[in-house]
Amino acid sequence: MAERSDSEEAPLHPESLMMSYGYEPQWSEGAISPPIFQTSTFVFPSAAAGKRCFEVAYGLSEAQPGERSHLIYSRINNPNLEIAEERLALWDGAETGAVFVSGMAAITTTFWAHLRPGDVLAASSPVYGGTQHFIATVLPEFGIKTVRFGPFDSADEIGDAIEASGGPLGMVYAETPANPTNDLIDLAMCAEIAARFSTPDRKVPLAVDNTFLGPVFQRPIDHGADLVIYSATKYLGGHGDIIAGAVQGSREALRPIRAMRTFTGSMMSPFTAWLLLRSLPTLKLRMEHQADSARKVADYLRHHPKVDSVHYLGHIDADDPRHELYKRQCLGAGGMISFEIAGGEPECYRFLDGLRLFKLAVSLGSVESLAEHPCSMTHCEAGPEENARNGITQSLIRLSIGVEHPDDLIRDLTNALDQV
Ligand SMILES: *Cc1c(COP(=O)(O)O)cnc(C)c1O
């Protein structure tokens, strides 16, 4: 595989490597951009080489340093997937990664790989709606209980709840900033809890859903995470045209996840991996532009008479108790804003139906700006009471800022707020 840098002392920045890393033009007639390896299977050069491939792929033997294993079959490995995995790992400073057919496939394959009946999962709250459903409804059917913790619970309180739950802790799972409130979970604290419940036979991994800020504005591995999970449908893909997921982390923590991906068949398709590769050279450009525009939009909303409150990471002031955590953990405020309109659902709906440039759609992190009503859309399953406890009120709107001109976005918001 391609060298990351000319010298160990000065590694290149990830954005300098997104066009070339992990791919050699000579593999494909000199093509500067990797073609789509749209193939189901790969021809072995010899029977002995085929045997060796299976030994390594099935974990019967470790690959030797410098040994380049041949490809076998596109459910197990494929060049487009491998190039995407190597490039994504650069952003997070991860040893390795695996890409999936969706963000939910990345999350659920991680759970199946690391949790067993009788285990306890410690998971932050709130989390993405699909993750919430899986934790609350599916895992209990397989004998896996969950201890939930919120942004304001201490390590001692969470540790006591895990001890009281009775089972061995199998994983700590955190989503931060939380969707859609932008509440922060302290990852260093989560890593401490995972370490406290680890035993010499079983290391409890900390898994972090980094979809909202990562990888440009948050690097969980620097704060003790073992696994970093993405819905690559969002910022990584970034163009509103793919459903995709990824997990990055240490070789040790990824080994059972890769094996589970092989046998559940939850890997990404070569074409989706190729589209993801096409998105990565502009990842930082897009996210930085979106974050700059989000600041302008959030500042505008803060002073609008029909807006009661704005939840935006860039508005956490120095005298706020969350400021220290924000500065320690985040590298920027990102492109997600939520805000409360004075009123409730009818006022929110008049606003949403009045938007023209913002599209009324769920999802986030795309080039087009999106708006939605979490309480009745993405987060409806929890019901209004639990939603209210998590700060997801009837008057809350979630915005994902795209790459349009911020003045045009603000004009669209002004017109829509006039309808309220
Ligand atoms: C969208 C999303 C997911 C699920 O990803 P899919 O690609 O839709 O399967 C998980 N976590 C977060 C934070 C998300 O925004």
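Trainee: What distance, taken over C-alpha atoms, separates the centres of domain 1 and domain 2?

Mentor: This is a predicted model, and the protein in it is divided into domain 1, spanning 14-281, and domain 2, spanning 283-417. Taken over C-alpha atoms, the separation of the two centres comes to 27 Å.

Trainee: How much area do domain 1 and domain 2 bury between them?

Mentor: The contact draws 39 residues from domain 1 and 40 residues from domain 2. On the domain 1 side, Pro180, Phe217 and Tyr235 lose the most area to domain 2, together 25% of what that side buries. Carbon and sulfur atoms carry 60% of the area buried between the two domains, and that area is about 3300 Å².

Trainee: Which residue forms a salt bridge with Arg328?

Mentor: Across the interface of domain 1 and domain 2, the rule finds two salt bridges. For Arg328, the closest N and O atoms of the pair are 3.0 Å apart, within the 4 Å that the rule allows, and the partner is Asp186.

Trainee: Which strands are the edge strands of the open sheet?

Mentor: Seven strands make up the open sheet, with mixed pairing and the order E1-E7-E6-E5-E4-E2-E3. From one strand to the next, the twist averages 20°. An edge strand here pairs on one side only, and that description fits strand E1 (96-100) and strand E3 (145-149).

Trainee: Which residue in E5 is the bridge partner of Ala174?

Mentor: Strand E4, residues 169-175, pairs with strand E5, residues 206-209, in the parallel sense, and four bridges hold that pairing. Within E5, the bridge partner of Ala174 is Val208.

Trainee: Do E6 and E7 run parallel or antiparallel?

Mentor: On the E5 side, three bridges join E5 to E6 and the two run parallel, with Asp209 standing opposite Ile229 in E6. Towards strand E7, residues 245-249, E6 is joined by five bridges, and Leu227 stands opposite Gly249 in E7. The sense in which E6 and E7 run is antiparallel.

Trainee: Why is strand E6 largely enclosed by the rest of the structure?

Mentor: Take the two faces of E6 in turn: Leu227, Ile229 and Ser231 lie on one side, Val228 and Tyr230 lie on the other, and all of them are buried, the cut-off being under 20% relative accessible area. Strand E6 (residues 227-231) is therefore largely enclosed, because the number of its five residues that are buried is five.

How values were computed:
Residues numbered from 1 in each chain as written. Predicted model: local features only at pLDDT ≥ 70, side-chain atom pairs only at ≥ 80, totals over all residues. Heavy atoms only, no water. Pairing = 2+ DSSP bridges. Axes fitted to C-alpha atoms, helices over the stretch in contact; angles between N-to-C directions. Buried < 20%, exposed > 50% of the residue type's maximum accessible area, 1.4 Å probe, protein only. Domains from an automatic or database assignment. Contact = heavy atoms within 4.5 Å. Buried area = accessible area lost by both parts, 1.4 Å probe. Salt bridge = Lys/Arg side-chain N within 4 Å of Asp/Glu carboxyl O.
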